[in-house]
Amino acid sequence: MTRATLSVWATRLEGGGRLDADEALALAGADDLPALTAAAARLRDAGHGDVVTFSRKVFIPLTKLCRDVCRYCTFAHAPRGDEPAFLSVDDALAIARTGAAAGCDEALFTLGDKPEARYRAARAALDALGHATTLSYLGEVAGRVMAETGLLPHLNPGVLTEDDLRALRAASVSQGIMLETASERLSEKGGPHFGSPDKRPAVRLATLAAAGRARVPFTSGILIGIGETRRERIEALLALRDLDDAHGHIQEIIVQNFRAKPGTAMAGAPEPTLEDHLWTIAVARLIFGPAMSIQAPPNLSPEALPALVGAGLNDWGGVSPVTPDHVNPEAPWPALARLAEATARAGKTLAPRLAVYPRHLADAEIWLDPAPRAAALRRADGRGLAQETGWRVGRAGAAAPKPETAAPALGSALAAAVERAAAGEALSEDALAALFDARGGAFRAVCEAADALRRETVGETVSYVVTRNVNYTNLCGYGCRFCAFSKGNTDESLRGRPYDLDADEIARRVREAWARGATEVCLQGGIHPDYTGDTYLEILRIAKAAAPAIHVHAFSPLEVSHGARTLGLSLDAYLGRLKAAGLGTLPGTAAEILDDAVRARLCADKLSTQGWLEVVEATHRAGFRTTATIMFGHVDGYRDWARHLLRIRALQERTGGFTEFVPLPFVHMEAPLYRKGAARQGPSFREAVLMHAVARLALHGAIPNIQVSWVKMGAAGVAAALAAGVNDLGGTLMNESISRAAGAAHGQECGPAAMERMIRDAGRTPRQRTTLYADAPETQRARSFAAAPLAPVVQSPAAKLARLGGRAARAG
C-alpha cells in the first residue's frame with residue numbers, strides 16, 4: 001500500500017467518508033509505518049484537536065473468582081480460604097471514598113465472569129450477602145458507591161444478557177467488555193481462550209449487540225499479541241464498527257498490548273513489539289475515522305507514550321492516583337504529572353474526562369438512567385469532559401486551583417483567532433467555541449492575550465460602583481428552571497418566604513444607600529402576577545423621591561416587556577414613561593443564553609432570543625444605556641456561548657448602547673433544574689475564567705468593559721479574572737438576594753475597602769465610578785468609606801395582591 005493511497009484515504013475520512021471492508025482488510029499489507037501513523041494522526045487531530053483525555057479512576061475488584069480460565073490472566077484465581085470471595089460493601093465504599101478524596105471521577109468495577117456458575121464458595125458468599133447472582137450484588141455495590149461518594153461507576157462484569165445490561169444501567173454510567181479477538185481459532189484447544197466459554201467471539205459480540213439495544217454507553221477493544229494475525233485484528237475492528245453503526249453505543253476502542261505474566265500458561269509467549277502496537281492503533285484510527293476515541297493503556301508502554309499519541313491515539317483510559325491496575329499488577333500507573341508531561345512532549349494537552357463520553361452525555365436522556373445522569377452532570381464541563389478541579393461557583397472557601405504551569409502556547413487556528421480579535425474583527429462561531437475549549441498552555445495563552453488587549457484598551461485601572469440592590473419582590477409567575485430566587489406555587493421548598501416590599505421599605509433602603517455613599521440603586525424583582533407597568537413607574541417615583549440625586553439602574557428587558565404589555569403600550573411609548581419617571585439605565589439581565597434551544601430548557605415561557613434583543617434594541621433607541629449579561633454553565637455548551645457573544649456584538653454594532661459585559665456563572669446548589677438532576681454544577685474554574693477572557697477578545701472594539709461578579713466567583717475567581725481581561729468588579733451590592741438564594745456563600749456586600757484591596761492585590765489601580773463610568777463624586781466616595789452598618793431589612797410578607805401599582809390598584 002502506497003503513501004499516496006493512505007493520504008487520499010485520510011482526506012476522504014476527514015470529509016466524513018470511510019473505508020469499506022475490503023479497503024480496511026487491505027491495510028493488513030500496509031508496512032509503511034511512518035505513512036500509516038501520519039495519516040492516523042491527521043485524522044485524530046481532525047476529530048480531537050490537541051486534547052488527549054484520561055479518566056481519574058479507582059479500581060474496585062469486586063471479585064477475583066471467574067468461571068473462565070484464560071491462559072494469560074493473573075487477575076482471576078480459584079477460591080482461597082484466607083480471602084473473601086467478594087469485596088464487602090464497606091470495603092468497596094472505603095476504596096471509593098479514598099478515590100473521591102483524591103479527585104477521582106470514575107469507579108471501575110472489574111470482576112470475574114459469573115463465578116457462582118463454577119464455585120460453591122461463590123454461591124455461598126452471595127447467599128450470605130443476600131444475593132442470588134454476582135450481577136445482583138454488583139448492582140447494589142455500584143449503586144451505593146455512586147449514591148454515597150458521587151463517583152461514576154463503569155462496570156466490566158463480562159458476558160451479559162440484554163436484561164442484565166438494562167438492570168445495571170441504574171447503577172452505572174457506562175459498561176464494557178473487551179472483544180479481544182474475532183478469531184474463533186483462539187478458543188480451540190491450545191489457544192489462549194480454550195476452556196473459557198465467555199471468551200468465544202460470538203458470545204462477546206452478542207453482549208455488545210445487546211448493549212446497543214439496551215442503550216448502554218459501551219467500551220470495547222482488542223487484545224493484540226495473543227496469536228492472532230493482522231487480518232484477524234482488522235476483522236475484529238470491523239465487527240465492532242458494524243455494531244456501532246447499528247446502535248451508536250461504542251464510546252472507545254481499546255488497543256491493548258499483551259503482556260506475558262509469570263505463573264501463567266503464556267508466561268513465555270512473545271509480546272507484541274512497539275511497532276506492531278503502533279501499527280494497530282493507526283489501523284484502528286483509519287477504520288473508525290476521526291470521531292471515535294482510540295485508547296491504549298499508558299502503564300503497559302510507559303516509555304513510548306509520545307509514540308502512541310503519534311499513531312493516532314486520543315485517550316489513555318482510566319488512570320488511578322490511588323489503586324493499582326489489578327489486571328496488570330506488574331505495571332504501575334504513571335503519575336499524572338508524568339503522563340501530562342509525556343502527552344505534552346507529543347504536542348497535546350492532557351484533559352480529564354468522565355466514564356461516559358461527551359457524545360453520549362449530550363443525549364443523556366437516551367443513554368443514562370436518572371440517577372447516573374444526575375451524577376455525571378454534576379462532574380461535567382461544557383464540552384462533556386470532567387471538571388478539572390473541585391472549585392465550584394459560589395462555594396464558600398473554594399480556593400483557586402493551582403496556576404496553570406504549562407508554557408503559554410496557541411495552535412495556528414487559535415493564534416489566528418486571537419490576532420483577528422486584536423484587530424477588532426468579529427470572530428466566527430467555530431473560533432469562539434475553540435477558544436472556550438482552550439486547556440493547558442492554550443488556556444494560559446488565551447488569558448494572557450485577553451489581558452494584553454485589556455491593558456491596551458482600558459489600561460491598568462479597575463473600576464467598581466457603590467450600589468445597592470433592591471429586589472422588591474420574589475414572587476414570580478414565570479417558571480424559569482434555573483431560578484432559586486423567585487417564589488411561586490411550585491417553589492415552596494426553596495429558601496426564603498414570598499415577599500413584596502412596601503413603599504416605605506423601598507424608600508428607606510434607597511435613602512440608606514445614598515447615606516452610605518452609593519451613587520446607584522439597582523431595582524429588580526420577580527414578575528409578580530399582579531404587577532403592571534404602573535408598578536414599575538411607582539417604584540421609580542418612590543426611589544427618586546427618597547434620593548433625588550441617585551442614579552436608578554432598574555428593570556430587566558422582561559420587566560420592560562411585561563410593563564408595556566400590561567398597559568397596552570408599545571415598547572417605545574412605555575420606555576418614554578420610564579425615562580420621564582427618572583429611570584437612568586437598565587440591566588441587561590434575563591438574557592441567560594441567547595439561543596432558543598437552550599432557552600426552551602431553561603425558561604420556555606420567558607422572552608425568546610429575538611424578543612430579548614428587540615426589547616434591548618428599543619431601549620437603546622430610546623436613549624438608555626444597558627449592561628449585557630450571560631448566565632452560563634447549566635445545560636449549555638461552548639457553541640451556545642459563542643452564539644450569545646456574536647448576538648451581543650451584532651446588537652452593539654447597531655446601537656452602541658451596552659456599557660459592559662457581565663458573565664454570570666450559574667450557581668447550582670438550590671437551582672430547581674440542578675436539584676432535579678438535569679443541570680451541571682456551573683462552569684469549571686477554567687471555563688469561568690475563560691468566559692471573561694473570550695468575551696474580551698470577542699467584544700474588542702465594541703464593548704470596552706468586562707466585569708467579574710465577586711458574589712459568584714469569590715476572591716480567588718476575581719483574582720484569576722483580573723489576569724484574563726477584566727477591568728471592572730461591578731457593584732458593592734449591600735444586599736444580594738438572587739445568588740444567595742441559589743446557594744452562593746460569598747456574602748451580600750463587598751465594601752469599597754475590600755474592593756480596593758482585591759484590586760491592589762492584583763497589582764492594579766482601583767477607581768470608584770458611577771453607573772456610566774465617570775469618577776464617583778468625592779462626597780459620595782468619602783461617605784462610602786465611612787459607611788455605618790446596614791440596618792436590618794424588612795421583607796414585607798406577600799399579600800394576596802401587589803402592594804404597589806398592581807392590577808387591583810388600576811381597577812380601583
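How far is the sulfur of Cys 522 from the closest cysteine sulfur, and in which residue does that sulfur lie? Select Cys 522 and Cys 483 in this predicted model, and you will find their sulfurs 15 Å apart, with the one in Cys 483 being the closest cysteine sulfur to that of Cys 522, yet too far for a bond. A disulfide calls for two cysteine sulfur atoms within 2.5 Å, and the structure holds zero disulfides. While Cys 522 is still selected, note that this residue counts as buried, at 8% relative accessibility; if you then move to Cys 104, you come to another buried cysteine, with a relative accessible area of 1%.

Next, select Leu 435, Trp 612, Phe 661 and Leu 729, which touch the most other members of the largest nonpolar core, a set of 130 residues. Adding helix H27, residues 685–698, brings in the element that gives the most to this core, with ten residues. Apart from this core lies another one, of 91 residues, and to see part of it you can select Ala 24, Leu 25, Leu 36 and Phe 288, which are among its members.

Return now to Phe 661 and display its surroundings. Leaving aside neighbours within four places in sequence, Phe 661 is in contact with several residues, including Ala 628, Thr 629, Ile 630, His 644, Leu 645, Ile 648, Ala 695, Leu 699 and Ile 706. Phe 661 also stands opposite Ile 706 in strand S16.

From here, switch to a cartoon view and look at the sheet, an open one in which three strands follow the order S14-S15-S16 with parallel pairing. Its edges are strand S14 (626–632) and strand S16 (705–706), each of which pairs on one side only. Strand S15, residues 658–665, is joined to S16 by two bridges, and these two strands run parallel.

The tour then moves to a pair of helices: select helix H30 (residues 752–761) and helix H31 (residues 778–785), whose axes come within 8 Å and cross at roughly 95 degrees. With that crossing angle, H30 is roughly perpendicular to H31. To see where they meet, show the side chains of Pro 752, Ala 753 and Glu 756 of H30 together with Arg 781, Ser 784 and Phe 785 of H31, which make the contact.

As a last stop, select Glu 419 in helix H16, residues 412–422. Is this residue buried or exposed? Glu 419 counts as exposed, at 60% relative accessibility. Add Ala 449, which is 30 residues away along the chain, and you will find the C-alpha atoms of Glu 419 and Ala 449 separated by 9.2 Å.

Key: Residues are numbered from 1 along each chain as its sequence is written. This is a predicted model: local features need pLDDT of at least 70, side-chain atom pairs count only at pLDDT 80 or more; totals for chains, interfaces and linings use all residues. Side-chain values use heavy atoms; hydrogens and water are left out. Buried means under 20% relative accessible area, exposed over 50%, partly exposed in between (1.4 Å probe, protein chains only). A nonpolar core is a set of buried Ala, Val, Leu, Ile, Met, Phe, Trp, Tyr and Cys residues joined through side-chain atoms within 4.5 Å. Helices (H or I, at least four residues) and strands (E, at least two) are DSSP runs, numbered from the N terminus. Contact means heavy atoms within 4.5 Å. Two strands pair if DSSP finds at least two bridges between them. Axes are lines fitted to C-alpha atoms, for helices over the stretch in contact, and angles run from 0 to 180 degrees between N-to-C directions. Angles under 35 degrees count as roughly parallel, over 145 as roughly antiparallel, 65 to 115 as roughly perpendicular and the rest as oblique.
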